[in-house]
Amino acid sequence: MKQAKLLTDAERKRLSAVVDSLRHSTRNHTAIALSFYAGLRACEIAALRIGDVFDASGAVRDTIYLSAAQTKGSDSCTVLMNKKLRAQLKQYALRYPKQVAKPNAALIFSGKGGSFTAQTVVNLFQRLYKLAGIEGASSHSGRRQFVTELADRGINARVVQALARHKNLNTTMRYIDLNENKLRAAVELINF
């Protein structure tokens, strides 16, 4: 099965620079942050409403509650937000205060103020990666990076599965990148 590309540090910097140069940079950085820092799928990013991530006072929530209608598997779930994602959402609130004041409005909005569909989120990622000269990346790259980085940091596989919101551990395991450097580092941990 073909896997979405994991980004190198240099590619992440290029992607960020490209996003900075475009209209709606804060919105686009937010979409990327939701993918890379929370492991959200394109359909979940498209389904997010302002009230899902901001409370009535405009403060960033620490947990996103996705309804069954907002998820791929039609099961409601919670998504924990880390500090970097919350910081990006605070930037979003500063840049788009009128949008944040509308709890039922789409978080990732179109140029005309409407909402994105899952396909337009996919298209947005494709466009950003193409402009950054990153081949093989897709809207799923952030989700795969999220899972792989957790695993690389030694997080228990069941915890990674829960954070990825996978029903089956085998699915989670397919996301994790393996290469010779990782395998060599692992065997060096043996100390008899």
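How do the residues of the lining of the second largest pocket divide into nonpolar, polar and charged? In this predicted model, the split is 5 nonpolar, 9 polar and 8 charged. That pocket has a volume of about 430 Å³. Its lining takes in 22 residues, and Arg41, Lys72, Arg165, His166 and Lys167 sit closest to the centre. If you want an element to look at here, try helix α10, residues 169–175, which gives the most to this lining with 3 residues.

Now swing over to the largest pocket, with a volume of about 700 Å³. Here 24 residues form the lining, and Ala33, Phe36, Tyr37, Asn82 and Lys84 lie nearest the centre. The lining of this largest pocket divides into 13 nonpolar, 6 polar and 5 charged residues. Several elements supply at least two residues each, among them α1 (9–20), β2 (77–80), α5 (83–95) and α8 (141–152), but α2 gives the most, with 6 residues.

Helix α2 turns up again in the largest nonpolar core. Of the 44 residues in this core, Leu15, Leu34, Phe54 and Leu107 touch the most other members. Elements that each supply at least two residues include α1, α3 (42–47), β1 (63–66) and α7 (118–131), while α2 brings the largest share, 6 residues. Take Leu15 as a way in: leaving aside residues up to four places away in sequence, Leu15 touches Leu7, Ile32, Leu128, Tyr129, Ala132 and Ile134. There's also a second, separate core of 7 residues, with Phe146, Val160, Tyr175 and Ile176 among them. As a general matter, nonpolar side chains tend to be buried together in soluble globular proteins.

How values were computed: Residues numbered from 1 in each chain as written. Predicted model: local features only at pLDDT ≥ 70, side-chain atom pairs only at ≥ 80, totals over all residues. Heavy atoms only, no water. 1 Å grid on protein atoms, 1.4 Å probe; cavity = no way out; pocket = protein on both sides within 12 Å on 5 of 7 lines; lining within 4 Å. Points joined across faces, edges and corners; volume = space filled by probe spheres on them. Helix = DSSP H or I, 4+ residues; strand = E, 2+ residues; numbered from the N terminus. Nonpolar A, V, L, I, M, F, W, Y, C, P; charged D, E, K, R; others polar. Core = buried A, V, L, I, M, F, W, Y, C linked by side-chain atoms within 4.5 Å. Buried < 20%, exposed > 50% of the residue type's maximum accessible area, 1.4 Å probe, protein only. Contact = heavy atoms within 4.5 Å.
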